[in-house]
Structure formats: C-alpha cells, structure tokens
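Subject: Structure for you to look at

Dear colleague,

I am handing over the structure we talked about, and I would be glad if you opened it before reading on. My notes come after it.

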Amino acid sequence: MAGGRRRRIHFSKIYNFSCIRSSFRDDHSQIGQKGYSRIVHCNDPDNPEAAALNYCGNYVSTTKYTLVNFIPKSLFEQFRRVANVYFLVVAFVSFSPLAPYRAVSVLLPLLVVIGATMAKEAVEDWRRKKQDIEVNNRKTKVYGKDHTFHETTWKELRVGDLVRVDKDEFFPADLLLLSSSNDDGICYVETMNLDGETNLKVKQSLEVTLALRDEKSFQHFKASIKCEDPNESLYSFVGSLYYDGNQYPLSPHQILLRDSKLRNTQYIYGVVIFTGHDTKVMRNATDPPSKRSTIERRMDKIIYLLFSILVLISSVGSVLFGIKTKEDISDGKFKRWYLRPDDSTIFFDPRRAAWAGFFHFLTGLMLYGYLIPISLYVSIEIVKVLQSIFINQDLDMYDEEMDRPARARTSNLNEELGQVDTILSDKTGTLTCNSMEFLKCSIAGISYGRGMTEVERAMARRFKHDGPEFQDLSSDFAGDSGDVLDSRPRIKGFNFRDERIMNGQWVKEPKSDAIQKFFRVLAICHTAIPEVDEESGEISYEAESPDEAAFVIAAREVGFEFYERTQTSISLHELDPKACRKVDRSYKLLQVLEFSSSRKRMSVIVRNEEGQLLLLCKGADSVMFERLAEDGRMFESRTKEHVNEYAEAGLRTLVIAYRELGEEEYNIWQEEFVNAKNSVSADRDAMMNAAADKIERDLILLGATAVEDKLQKGVPECIDKLAQAGIKIWVLTGDKMETAINIGFACSLLRQGMKQIVITLDAPDINALEKQGDKEAVAKASRESITKQIREAKSQVSSAKESSVASALIIDGKSLDFALVGKTENLFLELAIDCASVICCRSSPKQKALVTRLVKKGTGKTTLAIGDGANDVGMLLEADVGVGISGVEGMQAVMSSDFAIAQFRFLERLLLVHGHWCYRRIAMMICYFFYKNMTFGFTLVCFEAYASFSGQPAYNDWYLSFYNVFFTSLPVIALGIFDQDVPARLCLQFPLLHQEGVQNILFRWYRILGWMFNGVCSSIIIFFFATSSVLHQAFRQDGRVAGYEALGVTMYTCVVWTVNCQLALSLSYFTWIHHFVIWGSIIFWYIFLTIYGTVPPTISTSAYKVLVEVCSPSPLYWLSTLFIVVSALLPYFSFVALQSRFFPTYHSRIQAMHAKGSVPQALVGFSARFDARMKERVHRRQS
C-alpha cells in the first residue's frame, strides 16, 4: 500500500557487504581538528548552538550576474575590448573644440554597440536564473515542530532538518541516511548527475537508526554529527554519529548526495548535513567564466597595433604641424598671411606652436580614429547571431527520435568550433546510450551470436565500396546480422541472435551440457533482484550494473529464467534438455564472493537439488585463465581467440568457469572465510580476499560472454572523422578502468596493437601504507610512485614511437590527484600529448575541470569539452567551448554549455562544417574590415599631409559617419553569414580542412598585416591618382578645376567602389544577397549623395549639390573612378593569381577539384588502418 514498508530481503544477511560497511581502518581520529570541525544538530535546527554555527542556506545560484553587479560587471566585460575604451575617450573629447566632427557621430555608435551586447548578456543570464528558480523551488518533505512531515521548498532547508525523500525524487541536499522502506535500511541511488554512471549504487543506514521508521519514532530523536568540513570529494566522508550516548563511525555509504536520485526504493528518511553551496556537487561546480574566442583576443592585439599606428601618425603630424605653424611668422613677416596668424586661437597660434602641436595631436587622434573600426564589434555580433540561427536550423543535426535540434546557446564562440584541437569527452550518455546488450558468447570453443557491433557495421559498409576480393568479407559481416533469423520484438539488454541457441535449439548442439552449465552460471552468479509486475506477470531485474542485468536477461531468453531469490536460495525456470520442457529448480545459496576492482571476478557457492556443491565464477580474462585446472583448459586457446575477436569488435568480455567442491574442502574453507568475515582487524578485507583466492582455483572453463556498451549511433565513424581532422580526443569518465578501456576499443579510440600505458596507485606497497593509516606517508609514497610511473611511461612512449607503434595513456582518478599537482603536472601533460589517446577513469567532476584547464593552458590550443550530466558542468565551463548532450541525464550540462546537440555524432558536422565555415567567415570578415578601414583612413592621412596637417578632414562629416554604417557594412555582414568556400560534403570528405582553423592560417599576423598593407596601397593609389587626375585640369564644363568638395567626392566614390569590388573578388560563393548588398551599397552612395545634396548648405555644407551640379556632368569624374578602382584592385588580383598558379594551398586545390567536378576519395585515420588490416587478411586467404 502507499507509503507502506516493503518487506524485502535482508541483503546484509546474504552478502558480506565489505564494499558498503564502515571500514574499521577508516580514520576518525581527525574529528574536531582543522578540516573536520562541522557539527550538525539532528532534528534540532532551532538550537541556539546550531544557529550560532551560521551554516549557509540551501539556495543555489549558477548565474554570472546579479541585479547588483550586472551593470558594473557587464560594463567591465564590454570595456575589456580595447576599441571600446578608445572610443569612450574619443566620445568625451569630441565635445571639445578640438573635434573635427560632431560628437554625436562617435557617441551614438558606441552606445548602440555596448547597449546591444549588454542586452544579449542579460538575456543569456536570465535563462540560467530561470533554471535556478526551478531547482530552488522543488518540493521536499521536512519534519516539523508538529511532529509531522510537511512540504517545503529546497531553498528553505536547513542543516539538521529531517527530510523524507520518495521514490524517483532527487535528494535536496547532502543527507545522512537514517532508514528506508526496506527493513535493513538498504536503498538504491542513481548517481548519474554526479559521476555519469547509470548503474544503481547501494546505500545502507546504520543499524542503530533502523528503528526510525515513521513520524512517531522521530518525536524524541535527537543526535549530533561531527564530520569533515565541506569539500569536493564525492567518494569519501569522515564523520561520527553521536546518539544515545554512543559514537558510531560513518562512511560514504550512509551519505546521500544532492542531485542524485532515489530509485527502486519507496522512500528514505535522512538528516541534512550539507546545504546549498556546501554540498559536494556544488563544491565541484565552478563559476561560469567569461569566454572569449581566440580570434577576439587577437583582435585586441590588432587594435593595440592600430592604436600605435594612430598615435605615431598623430605624433608625426603634430610635430610637422607645429613646425609649419611656427614658420608662419618669421622676422615679423607673415608667411601664410591668408590664415591670419596674427589673429588666431591657441590651436593655430605661431607664437605658441608647441601648444598648437599638442592640441593638433588630440585632433589627429580623433580624425584618424577611422583606422580603428568601431562597427567591427557590432557587425561581428550580428553575424555571429545569424550564424547561430543557421546552426539551430541545420536539419542534419536534428534528432527526430528525441525531437531535438542543435542549439547554439551563445554566439560568442562560433569560430572557435573551427579551431578545436583537443576534445575532452565524458563517456556514459555522451559516447554510449546508457545500455548494455548481450551480443555474443563463446561456449566450449564455439562462437555464438550473429549480432553486429557499431565497429563491425562500419567495417561492412567499407567493404561494399572495395574491390571484388573484399566482397566475401563484406558478406561475412553482413550475414552476421541475423535479423532475418529472429523476428521477435527487441528486448532491452538482449541483442543475441543465433538459430543454434535460440528457441531451445541449443539442446541439439554437440556440447549442449556445456551450454546448459554456461547459462546456468549466468542465471545464478549475480546479485540481481527479480521484481514481478503484478498486472502483466513480466519479470524485471534490479542489478548493481547494467552488464549484470544483461547476463540475467540473456539466461532468461535462452531458457534459464531467474524468478525468485530468498535469503538462502535462488530459483530458476530451466529448460530440461531431456524432457524438452521447463522445470523449476532451486539452488541453495551458501556464499557470495563479491566483485571488486582488485579481484576482477565474482563467485557464488551453491548446492543444487542433487546435493552437489558448485562454485560458479565469472571474471576478467586477465585473472580467470590463470585459475583454470589442468583438465579444465580444453577450450582455452579457442576461447582466447574469441575473446580477442570480441574485444577487437569493441565488446566487453567476461570469462565463465565453474568447479565442483568436496564437502570436506568446503567445510574447511568456510570456517576460514567466516573467521575472516567476522574479523574486526584492519586486515579484514585482505583476509577475506585471501580466503576467496584459495577456493577460486582449479576452475573448469565454460566460455566467455561479450556484451556491448551500446554506443550512440555513428560514434565510431564520428571519432574516426575527427581523428582524420587531426583532433585529439581524451575521455574523462567516472567509470571503472575496465569499462572505460572497453569503450575505448568500441569507439575506435583504442585499437589492437596500441601500447597501453596504465598509471595507477593500486599497488601492494601503497595499499600496505593505507592500511597503516599514515596519510602523510601514503601521500608521499603516492607522489613518488606517480612521478616514477610517468617518467617510465615517457620512455616507453619514445621507444614505441621508434617502432611506429601508437601509445594510449590510461590513468585513474586517485592517480590524477597527484599527477595534477606541482611539477608532476607538466610531466603528465608532456606524456599525454605524446600519446595518441588518453583515458582518465574514476574522475571526479573537479578532476575533469582541472584536466581540461591543464590541457587548455598547457597546449595553448582550443579545447572542447562535451558531456551530458551535472558531473560534466565544471569541465564544460572550463573548456574554451562547452558542448552539452541533451540526453537522458537531465539538462544540467546543456544549461551550462555553449552549444547543445542531441547526439555525439552531430559533433562531426558542428566542427568540420559549421566550425570551418564560421572560422573562415569571421577571419575573412575581420581581415577585410581592417583592409577597408585602412583604405579609408589612410586617404585621410594622405590628405592631411597634402594640406599641411591642418586638421581639415577630406570628407564631409556625414560621409565619415555613414562609411561604416551604410556604404560598406552590409557586404561584409553578408560575407560573414553566407560565404561558403567549399560545400558541406567536401568539408566532411576532406576533414583535414579543419587544420586551417587549428593552425589559424587565415588569422596569422602575416595575413592580417598583408590585408592592412593592401589597404594602405589602395589608399595611396586612390589619393594620388585622384589628385593627379582631377586637380590639375578642367573638371567642370566651364573649365574650372575641381575644388575641395569635388576631390572629396571623387576619392570617396573610389573608396566605396574599391572596397566593395575587393569583397566581390574575395568571395568564394555568390548568392543574390551578395549581389544585392555589394552593388546596392554602391548605388546607395549615389542616392545618398543626391538626396543629401538637396539639403540646405547650412546642414549639408560641402555636399550641397556636389554630385548633381559638379561631379555627374563631368566625364572626368566617371573615367577617373573607373581607372582608379581598377588600378587599386590590380595588386590583390595579381597576387591571388600568382599564388593559385604557382603556390596552391591544400584548400585551393580542393576548391579547384570541386570546380572541375573531379573530387577523389581519400582514406586516412582508422579507415586507412582498417583497410590495411583487411587487405592483409585477404592476402593471407589467397596465399
């Protein structure tokens, strides 16, 4: 009934539970010392002593801004951009008489730029705020003063509160487990959001608190907890419970962490220990950083350069102006009498030439300010937002099954996608689907199972495109699918297809007795619990790991259905090979020898109905084959071959064996094992392992299993393509080392023949020191061990390189703690960079973030982190680019990411297509921006020199203001949005194009300076050709020469034509939009000049009817424009033609092949390696 307690098995009576009991070697002597000073008053939060402790509340915030700091902090972000600082100063100075133009022409654009960017930041942070509001207002049940549980919000919880959490609810804070709906205080916890693991963890309360089962029992409950201070360690806890005058040691197995979920348990009661930002999950979180792209950071340096040029030109101009001004009065005579030097202001006074020169310097800083493009930032913001829309609407990154498109959650980092050098990926839920499937098995030396792994499917597809000698291999793989042989509905955890085994056909096999024993071991050797659906009668299983559940399901599907477990027995529905019908058989459960990472195996000892004592065992091949009896190795060689084949296909393997025990042998062993189990010494676990080791000998081999940790669709191909692009991939996972290694093989990250370098602290000497409890000695020995292992590993990698063998580095979380500290950090990074693949196992969220930071800062290259759980948030925030997978683990990773995709395979298109396009577009756009501003700005400089540095601008005020707004802005925006050097198909076919961004080819200094030099050359050509053509001969029909206003219009027209035609020459891909904005901008210049010229001369000044009456009637104006524009474009056109003809780049070759329609196929990376291996196999067949 609802809320009733479920009478379940007392697990503690079946298993020894060494993995969850408080270990006697746990050191609790630190309680009360520094770092272990926290005191919790249970069920008494209003206690004055508790109030005086002033612990933080349970409210959490992940936002970047608050209402108080938004304006100052966001303004600080804006003025990190050097150009904004410069234009702010110019805006203030422009209100003085020194300004050569009106202040509004500078101030208004600056306000628009800063306001728009601040608004965008506010919108993005409000999204985070809404997520926080949703989390803080979740409901939970708290024990009140009226001795009942009532609902309250998470944010109102306090340290010491008693809470009740029901099935499938998240824990609102870090809790001490008091009791559960199970009589023995067991509960199942899903820690997916913490460590990424999908298998359920078992937690068990202390026996002393088991009686606290309902509201009435809590009325008089008072206790205190003394424990460690808040820290980020997810896998450790030191503390003691003081209750009824006794002290009880606590371990991590009584602690329920915030953001983990209660599963398969009706409810639990717990007391709050850590709240809010003191919880372990929040301690593992990092503040959202202010991310800026590599190109944007380099832009600041370019602005510094331009500012230096600006100061230099202004300084030279002011010195020359001062000298020229001083010479205006010489021996009482006026040299330039028409300037009236005897009646001038301080700005032009020959008697105060030094001051005049200084003020001219300030005027020059404002006048030449058009060298620094303020509209660049606005244009980039617009372009990036529109690029993000294209990413969001890309149907090739839309997941139909989940109905989720790709999402660019920030537009600041689009071009960073094209510069990614290293990917740091989570495993569970990111590379895999969080499910295990029983796929194949080897029994008595015979391989069974027609299923195909993702790796094998990729192989089969590759064969179809090869010559006839590969067709038989292709058919081998294709024929293995077996789907036509079994039309039954898909069963979760079971993808085994083989007509020799299924539907009871195994009884006809020559080794049917071995098959029977094999699946009987799978049905009995586990810790799973069956649950029967009362309505449908279907049996489901609660297992501690998904692969264990897959074994039990496989046994059921073959005919060995596990349906009942008691404290002393396991019952099966077995297919009787003689009677050909199912019979019920019960096995008395005597002992369970649990799996551990050090043992790498699990065994059960049972007595069957015939009275035989059987030890059933499954474990890793590295420990199982050495334990076989001499007469139990009949199928060893064939089984090893099959295990290697399964591993090559990316499958996780376990070896299955058994042995019969004699009564006397068992009784002697049982006495030793029980003594070890009941020991209270520090060597208890070691004694139990030694006892188990004695009986797990002389085994008889039955076979091996192969399960697939189901990869997401397209993961191997995606990783292969990314590797071909030269991108390095690291896997950071909270999983065990064995699991991570198997997945590494499945997704092509690891491969057969690769030298595996394992760094671990699982060594006898370290374990011995840990048993002694001397933490300083352990830390010192661990540091020395890690340093030694890294140095040895570097030597091994060097040797492997000489033999052309790739290396893979595998390191566990415990070792990472020491590898990421001090000088060892650099040694570790050097080793990791030299390896082809890196896998970090048992990594905490904090370690993931630290490794990401190390790679980012140590390599200086762009890093991308990808994950799907809350445990990946720190890593996503620390990386240059964070990509969240919107999978089954909630939206925490997505909310902290810069980009969100539904499947890992979409990363291929996101980086190689959108990343390449965005990088190229932004780089080209910025270079062009500097080009057009140099072209425009240096015509002002040339005119200033021509006019004795008088401070007179060459152009009308509104010409200056509208240059970057109307006449050149839209074409460059169109370049940034629509230009496409090669189509998406070629980006994927030639992934090495990605290296263009990694090596930053398009935004190197020589290229930037080259574009600037092109702009200077164009401006010089425009100025001197314009002055030479229109100033020294008749310009008007009445014979008059061109004046100041006509020269300005002619130069401005040539500038507008030149920079727009230059853009047209630079484009790789024309659309009607490009034509419209390029030619439209030029036409708009004439329209503007015509309309503006009709405005009264008090406003239009020098532009009054200048086009209609002066320029357009003159043929010289039109001929000069044509000649000057062609001359200004000729240097760039010649350079590009020579480069394409004699020095073609990789990129230009692909463009040329695309233009000719002849694009060859190219194999590199894993595909090439696989083809080579298959050709070798064919050669062996033919010979």
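What follows is a short account of what was found, going from the whole chain to single residues.

Please keep in mind that this is a predicted model. The chain holds 40 helices and 35 strands, and of its 1183 residues 57% are buried. If you take the contacts between residues at least 6 apart in sequence, you will find that 75% of them join residues at least 24 apart. The accessible surface of the chain is about 49500 Å², and carbon and sulfur atoms account for 56% of that surface.

One helix to look at is H34, which covers residues 1044-1066, and its 23 residues reach 33 Å from the first C-alpha to the last, close to the 33 Å expected at 1.5 Å a residue. Since 19 of those 23 residues are buried, H34 is largely enclosed by the rest of the structure.

Next come two pairs of helices. Two packed helices are described by the angle between their axes and the distance between the axes. In the first pair I chose, helix H30 (residues 969-978) and helix H35 (residues 1072-1092) have axes that come within 8 Å and cross at roughly 165 degrees. Angles over 145 degrees count as roughly antiparallel, and therefore H30 is roughly antiparallel to H35. Their crossing is left-handed, and the residues that meet there include Leu970, Ala974 and Phe978 from H30 and Ile1073, Val1077 and Ser1081 from H35.

In the other pair, helix H8 (residues 294-326) packs against helix H9 (residues 353-367) at an angle of about 145 degrees, with the axes 8 Å apart, and the crossing of H8 and H9 is right-handed. Among the residues that make this contact are Ser314, Gly317 and Phe321 of H8, together with Ala356, His360 and Gly364 of H9.

Finally, there are two residues whose backbone deserves a careful look. Most residues other than glycine have a negative phi. Ala444, however, is not a glycine and has a positive phi of about 55 degrees, and you will find Ala444 in the loop between strand S18 (432-443) and strand S19 (446-448). Ser804 also has a positive phi, near 60 degrees, and lies in the loop between helix H22 (775-802) and strand S31 (807-812). Are these two residues buried or exposed? Ala444 is buried, with a relative accessible area of 6%, whereas Ser804 is exposed, with a relative accessible area of 69%.

With best wishes

Note on methods
Residues are numbered from 1 along each chain as its sequence is written. This is a predicted model: local features need pLDDT of at least 70, side-chain atom pairs count only at pLDDT 80 or more; totals for chains, interfaces and linings use all residues. Side-chain values use heavy atoms; hydrogens and water are left out. Helices (H or I, at least four residues) and strands (E, at least two) are DSSP runs, numbered from the N terminus. Buried means under 20% relative accessible area, exposed over 50%, partly exposed in between (1.4 Å probe, protein chains only). Contact means heavy atoms within 4.5 Å. Accessible areas come from the Shrake-Rupley method with a 1.4 Å probe; for residues, only the protein chains shown count as cover. The expected span of a helix is 1.5 Å times one less than its number of residues. Axes are lines fitted to C-alpha atoms, for helices over the stretch in contact, and angles run from 0 to 180 degrees between N-to-C directions. Angles under 35 degrees count as roughly parallel, over 145 as roughly antiparallel, 65 to 115 as roughly perpendicular and the rest as oblique. A crossing is left-handed if the near helix is turned anticlockwise from the far one by less than a right angle, and right-handed if clockwise.
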